[in-house]
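Q: I'd like to learn how to read a sheet in a model like this one. Can you walk me through it?

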Amino acid sequence: MVMNDAQTAAPAAGPSTSPAPTPYAFVPGVTPELSPAERRQMMFDSGIPEELHHQLGVLGISPLAAKMGIIFQEMTVARMVATMPVAGNEQNAGLLHGGAHLVLAETLGSIGAVLHTQGQKPVVGIEISATHHRGITGGLVTGTCTPIHLGGTLTTHEIVMTDEQGKRLSTAKITNMILDPSRR
């Protein structure tokens, strides 16, 4: 893959229980301009099955999700599952940043809403909230997203983040609005 000015090669992974970082590093304040081949490769690297590539937005996977190391394990309307490393996503006290929980939750819930529309209608998040139950300082976090409501104009999903032992770290809820593409 050819890297552009907005990307540089990520450093090699050292010994860790976390997976190796993706080969993408991003320059703050610059949205990477990927070729179609690079976009396709980034989606594969993020665990997105090829049959879903056409349903996702112009960037495929969001640059933020890629930066945070989010890797999809399961992607259906009924259930979305992804992992995210704690390493690189901590706040200054060494715990996983609360905002990182929300990025994982919004990524899962928003893509779940897109899959509900079969990629035919744009969706936008209109509300997100989270309760943090416990902190984590290392390893992988798994987010599991299930729909609460799948309507014609709104979707609501619950996302539960757990550690590698299955202990609940946080619970989030996101509501997305399904937009009418003819009104854009």
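**Reading the sheet**

A: Let's start with a hairpin: β6 and β7 form one, with three residues between them. Keep in mind that this is a predicted model.

Q: What joins β6 to β7, and how do they run?

A: The general idea is that strands of a sheet pair through backbone hydrogen bonds, either parallel or antiparallel. Here β6 and β7 run antiparallel, and eight bridges join them. To find your place along the pair, look for T146, whose bridge partner in β7 is E158.

Q: Which sense does the pairing of β4 and β6 take, and over how many bridges?

A: Strand β4, residues 80-85, pairs with strand β6, residues 140-150, in the antiparallel sense over six bridges. Two landmarks help: A82 stands opposite G143 in β6, and M84 has V141 as its bridge partner in β6.

Q: In what order do the six strands sit in the sheet?

A: Read across, the open sheet goes β3-β4-β6-β7-β8-β5, with antiparallel pairing. The edges are β3 (71-75) and β5 (123-132); each has a single partner strand, so one side of each is left without a neighbour in the sheet. From one strand to the next, the twist averages 20°.

Q: What about the faces of the sheet, and which strands does helix α3 lie across?

A: In general, side chains in a regular strand alternate between the two faces of the sheet. In this model, helix α3 (residues 98-116) lies across β3, β4, β5, β6, β7 (154-162) and β8 (168-178). The helix runs at about 40° to β8.

Conventions. Residues numbered from 1 in each chain as written. Predicted model: local features only at pLDDT ≥ 70, side-chain atom pairs only at ≥ 80, totals over all residues. Heavy atoms only, no water. Pairing = 2+ DSSP bridges. Helix = DSSP H or I, 4+ residues; strand = E, 2+ residues; numbered from the N terminus. Axes fitted to C-alpha atoms, helices over the stretch in contact; angles between N-to-C directions. Contact = heavy atoms within 4.5 Å.
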